[in-house]
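This report is meant for someone meeting the structure for the first time. Please look over the sequence and the model before reading on.

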Amino acid sequence: MDVDVTKVIAAERLDQAWELYGLAFDELRAMAVQRHVMNRAEFDDVMTDDRVAKCVAYDGDRIVGLATYTNDLDAVPLISPEFFAHRWPGHYAQRRIWYLGFFAVHPEHRGSGVFESVIDRLWDSVRADRGVAALDICARNETIGLPMAIRRTLEALTPEVVTTTIDTQTFWAYELTAA
């Protein structure tokens with residue numbers, strides 16, 4: 001398996017990357033209240049946005065892992081750069097805050113080391129500037145243990161890493177039931 005970092009996914013790879021993205025995230029369309037899955041136009045925009053790095057894992061010629069991350073927080077829709085500027089003013093001013101947009105692993109490659117290899121590669125940027133990495137994780141992915149899997153991987157790479165929940169959001173419903 002090879003892991004590369006690139007600024008833009010080549011046009012001839014977009015369909016393959018989109019297919020992997022769908023395999024990894026389609027179930028979230030019905031499992032998370034807030035939309036966590038991009039449509040094709042949004043996906044293509046991110047894949048060709050050179051402000052956002054793409055970490056790509058290959059098994060031969062096949063994409064089996066894909067993650068996006070950036071320290072240009074204006075490139076990430078639906079987050080508040082002001083939150084990060086307020087919480088970590090020094091890091092923000094020096095562009096040492098990295099936001100992970102998504103991380104997809106092909107279902108056939110879960111448990112194969114793709115997850116750890118991609119995290120290792122993208123963590124290089126954070127580690128190099130003693131920065132902060134942030135991402136959002138929906139409740140469904142919390143229940144399957146994603147935050148702890150990331151934590152274990154990062155602690156193996158950098159034992160002094162500190163994991164912190166920086167925000168939460170809860171969705172409520174008020175339903176009228178049949179009489």
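What covers the buried residues of helix 3? The cover includes helix 1 (14–25), strand 2 (53–59), strand 3 and strand 4 (97–105), and it should be kept in mind throughout that this is a predicted model.

## Helix 3 and its two sides

Helix 3 spans residues 40–47, and its buried residues are Phe-43, Val-46 and Met-47. Because these residues cover an arc of only 100° around the axis, they fall on the same side of helix 3. On the other side of helix 3, by contrast, Ala-41 and Asp-45 are exposed.

The N-terminal end of helix 3 is capped by Asn-39, which has a side-chain oxygen 3.1 Å from the backbone nitrogen of Ala-41. A polar atom of the Asn-39 side chain also lies 2.8 Å from the backbone nitrogen of Glu-42. Asn-39 itself belongs to the loop between helix 2 (28–31) and helix 3, and with a relative accessibility of 38% it counts as partly exposed. Computed along the chain in residues, Asn-39 and Phe-115 are 76 residues apart in sequence, while their C-alpha atoms are 23 Å apart in space.

## The paired strands

Strand 1 (residues 2–6) and strand 2 run antiparallel and are joined by 5 bridges; within this pairing, Thr-6 stands opposite Lys-54 in strand 2. Strand 2 in turn pairs with strand 3, again in the antiparallel sense, over 7 bridges. Here Lys-54 stands opposite Thr-68 in strand 3, and Tyr-58 stands opposite Ile-63 in strand 3. The hairpin formed by strand 2 and strand 3 has 2 residues between the strands, and in this hairpin Gly-60 takes a positive phi near 70°.

From strand 3 the pairing can be followed to strand 4, since these two strands run antiparallel and are joined by 6 bridges. The bridge partner of Thr-68 in strand 4 is Phe-102, so that Thr-68, which also faces Lys-54 in strand 2, has a partner named on strand 4 as well. As for how far these strands are covered, 6 of the 7 residues of strand 2 are buried. In strand 3, 8 of the 9 residues are buried, so this strand is largely enclosed by the rest of the structure.

## Salt bridges

Side chains of opposite charge can pair when their charged atoms come close. In this model the count comes to 11 salt bridges.

One of them links Asp-44 with Arg-40, whose closest N and O atoms are 2.8 Å apart. Both of these residues lie in helix 3, 4 residues apart, which is about one turn of the helix, and Arg-40 counts as partly exposed at 27% relative accessibility. A further salt bridge is formed between Arg-51 and Asp-49, with the closest N and O atoms 2.8 Å apart. In that pair Arg-51 is partly exposed, with a relative accessible area of 37%, whereas Asp-49 counts as buried at 15% relative accessibility.

Arg-127 forms a salt bridge with Asp-120, and there the closest N and O atoms are 3.5 Å apart. Arg-127 counts as partly exposed at 27% relative accessibility, and Asp-120 is partly exposed as well, with a relative accessible area of 30%. Salt bridges that share partners also join Asp-15, Arg-40 and Asp-44 into one network.

## A buried aspartate without a salt bridge

Where does Asp-72 lie? Asp-72 is placed in the loop between strand 3 (62–70) and helix 4 (81–87).

Asp-72 is buried and yet has no salt bridge, the nearest side chain of opposite charge being that of Arg-95, 4.1 Å away. Since a salt bridge requires the side-chain nitrogen and the carboxyl oxygen to be within 4 Å, the distance of 4.1 Å to Arg-95 does not qualify. When its neighbours within four places in sequence are left aside, Asp-72 is in contact with Arg-51 and Arg-95. Of these two, Arg-51 is the residue already described as forming a salt bridge with Asp-49.

Conventions. Residues numbered from 1 in each chain as written. Predicted model: local features only at pLDDT ≥ 70, side-chain atom pairs only at ≥ 80, totals over all residues. Heavy atoms only, no water. Buried < 20%, exposed > 50% of the residue type's maximum accessible area, 1.4 Å probe, protein only. Lys, Arg positive; Asp, Glu negative; His and termini not counted. Contact = heavy atoms within 4.5 Å. Arc of directions from axis to C-beta. Polar contact = N/O pair within 3.5 Å; in protein donor to acceptor, adjacent residues only side chain to side chain. Pairing = 2+ DSSP bridges.
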